[in-house]
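This report describes the fold and the side-chain links of a single protein chain. The model is predicted.

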Amino acid sequence: MKMDLRLITAVIAVVLASAGVAEAAHSRSLDEDAALALLQRTLKSDQVYEKRISLDCVAYSTEETTRTYFQFVLREIHNAKCGGDPDTSPAIDRYRVYRRSGKIEQWEAAEDKWHTYKGAQTK
């Protein structure tokens, strides 16, 4: 009887510990601000748009929010500083940032698919 009780106690302890680890991992998932900051740091560090457009002339907005990821669209800012027609704001690219892993995917419109972000070599 004592052996069965110890085994049951050990199983319960493992289950509770697993639930605690899962909850801790979930609590460390990115919120929208952290996901956007990660994307901005990554794009700046990789100099993805360096020869294409100044990041000062790029606006970021959230297109979709799920339990799994945030989807952002990057749009051209058209004003006196950046130039262009102020009545338009063409999309440059779309990205997904995954809440738990921080993984970034990039939309490839020509293929109509999401691909793992590969940095400056994608442009």
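**Salt bridge between two strands**

Glu63 and Arg94 form a salt bridge in which the closest N and O atoms are 2.8 Å apart. The two residues belong to distant parts of the chain: Glu63 is in strand β1 and Arg94 in strand β3, with their positions 31 residues apart in the sense of being 31 residues apart. Glu63 has a relative accessibility of 35% and is therefore classed as partly exposed. Arg94, at 25% relative accessibility, is likewise partly exposed.

**Other charged pairs**

The count of salt bridges comes to four. Side chains of opposite charge can pair when their charged atoms come close.

One of these salt bridges is formed by Lys81 with Asp56, the closest N and O atoms being 3.9 Å apart. Because Lys81 lies in the loop between β2 and β3 while Asp56 lies in the loop between α2 and β1, the pair ties together parts that are 25 residues apart in sequence. Both Lys81 and Asp56 are exposed.

Another salt bridge joins Glu105 to Lys103, with 3.3 Å between the closest N and O atoms. Glu105 has a relative accessible area of 11%, under the 20% limit, and so is buried. Lys103, in turn, is partly exposed at 37% relative accessibility.

**The disulfide**

The structure contains one disulfide. The bond joins Cys57 to Cys82, with an S to S distance of 2.0 Å. The angle about the S-S bond is -90°, and the link of Cys57 and Cys82 is left-handed. Distant parts of the chain are linked by this pair: Cys57 is in the loop between α2 and β1, and Cys82 is in the loop between β2 and β3, 25 residues apart.

The two cysteines fall into separate accessibility classes, as follows. Cys57 is buried because its relative accessible area is 9%, under the 20% limit. Cys82 has a relative accessibility of 24% and so counts as partly exposed.

**The sheet**

Strands of a sheet pair through backbone hydrogen bonds, either parallel or antiparallel. In this model, five strands make up an open sheet with antiparallel pairing, in the order β1-β2-β3-β4-β5. At the edges are β1 (58-65) and β5 (113-116), each of which pairs on one side only. On average, neighbouring strands of the sheet are turned by 30° against each other, direction ignored.

Helix α2 (residues 32-46) packs on this sheet and touches β1, β2 (69-76), β3 and β4. The direction of α2 makes about 50° with that of β2.

**Strand pairings in detail**

Strands β1 and β2 run antiparallel and are joined by seven bridges. They form a hairpin with three residues between them. Within this pairing, Ser61 of β1 stands opposite Val73 in β2.

Strand β3 (residues 91-98) pairs with strand β4 (residues 104-108) in the antiparallel sense, over three bridges. Here Val97 stands opposite Ile104 in β4.

**Summary of the links**

Two of the links described above involve the same pair of loops: the disulfide has Cys57 in the loop between α2 and β1 and Cys82 in the loop between β2 and β3, and the salt bridge has Asp56 and Lys81 in those loops. Within the sheet, the salt bridge of Glu63 and Arg94 links strand β1 with strand β3.

Technical notes
Residues numbered from 1 in each chain as written. Predicted model: local features only at pLDDT ≥ 70, side-chain atom pairs only at ≥ 80, totals over all residues. Heavy atoms only, no water. Pairing = 2+ DSSP bridges. Helix = DSSP H or I, 4+ residues; strand = E, 2+ residues; numbered from the N terminus. Axes fitted to C-alpha atoms, helices over the stretch in contact; angles between N-to-C directions. Contact = heavy atoms within 4.5 Å. Disulfide = S-S within 2.5 Å. Buried < 20%, exposed > 50% of the residue type's maximum accessible area, 1.4 Å probe, protein only. Salt bridge = Lys/Arg side-chain N within 4 Å of Asp/Glu carboxyl O.
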